[in-house]
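Please open the model in a viewer and keep the selection panel at hand. The tour below proceeds by selections, each followed by a description of what is there.

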Amino acid sequence: VETASGAGARVVVQEARGRAGSEGTWRPYGDESRDSYATAEWAAAQPWSTGNVGLYGACALGWGAVQGAVEAPPHLKAVFAYMTATNYHEGWTYSDGAFELGFQMSWIWTILAHDTISRLNLDPASLKEAQRKLAEARSDIRKTGLHLPLIDFPAFENGAAPYWREWLSHPAYDAFWKRSDAV
């Protein structure tokens with residue numbers, strides 16, 4: 001990227017650990033702060049870097065930027081995060097104590113579970129069955145939303161969404177959620 005002054009800017013994209021093309025195991029709201037800190041300091045140390053680092057992004061990349069700001073790496077000079085949150089308990093996973101079922105299930109189905117399943121090293125038959133269960137659940141959301149108890153949702157029993165049980169096991173704003181709260 002060329003700036004108005006003619007000086008170049010470099011852009012490094014950091015995906016969350018264990019998502020998209022990144023290695024490792026994804027733990028929602030768990031590793032982003034340390035990873036953003038490490039990425040900012042890595043970028044600052046590169047030969048092409050001025051040592052001044054900014055973080056930006058929307059949604060999950062915005063979450064990484066927010067968490068990087070909380071960790072405050074020495075070379076971080078600016079943060080711009082949008083379409084994200086600073087507290088993933090209230091207003092994201094829960095609202096006034098109620099689990100955000102529609103939002104969480106659609107987010108998990110459309111993005112998270114398929115990627116998670118692909119990383120489980122399942123044999124082809126088990127992978128096909130896991131994908132079938134997700135597709136079946138997605139095809140009738142009204143029926144799916146009535147499954148009780150939520151924590152035992154059948155489409156996620158194969159490891160497609162391990163965070164599902166964690167989120168449902170922590171309905172109150174407790175230490176689990178505080179560890180990643182940016183406020």
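The stops that follow concern aromatic pairs, a nonpolar core and one charged side chain in a predicted model.

Begin with the aromatic rings, which form 17 pairs in this structure. Select Y88 and W92: their rings meet edge-to-face, with centres 4.7 Å apart and planes at 70°. Both Y88 and W92 are buried.

Next, select F153 and W164. This pair is tilted, with 6.1 Å from centre to centre and 50° between the planes. Why does the pair tie together parts that are apart in sequence? F153 belongs to the loop between α5 (141–145) and α6 (162–169), whereas W164 lies in helix α6, so the pair links parts 11 residues apart in sequence. F153 is buried at a relative accessible area of 4%, and W164 is buried as well, at 1%.

Now display the largest nonpolar core, which has 31 residues. Those touching the most other members are Y29, I108, F153, F156, W164 and W167. Colour α3 (101–118), α4 (124–139), α6 and α7 (175–178), the elements that each contribute two or more residues to this core. The largest share, seven residues, is that of α3.

From the core, centre the view on Y29. Leaving aside residues up to four places away in sequence, Y29 touches W63, Y88, W92, T93, W107, W167, W177, R179 and S180. Y88 and W92, the edge-to-face pair, thus reappear among these contacts.

Finish at R179, another contact of Y29. The charged end of R179 sits over the ring of F176, 4.5 Å from the ring centre.

Conventions
Residues are numbered from 1 along each chain as its sequence is written. This is a predicted model: local features need pLDDT of at least 70, side-chain atom pairs count only at pLDDT 80 or more; totals for chains, interfaces and linings use all residues. Side-chain values use heavy atoms; hydrogens and water are left out. Rings of Phe, Tyr and Trp (its six-membered ring) pair if their centres lie within 6.5 Å; planes under 30 degrees apart count as stacked, over 60 as edge-to-face and the rest as tilted. Buried means under 20% relative accessible area, exposed over 50%, partly exposed in between (1.4 Å probe, protein chains only). Helices (H or I, at least four residues) and strands (E, at least two) are DSSP runs, numbered from the N terminus. A charge sits over a ring if NZ of Lys or CZ of Arg is within 6 Å of the ring centre and within 35 degrees of the ring normal. A nonpolar core is a set of buried Ala, Val, Leu, Ile, Met, Phe, Trp, Tyr and Cys residues joined through side-chain atoms within 4.5 Å. Contact means heavy atoms within 4.5 Å.
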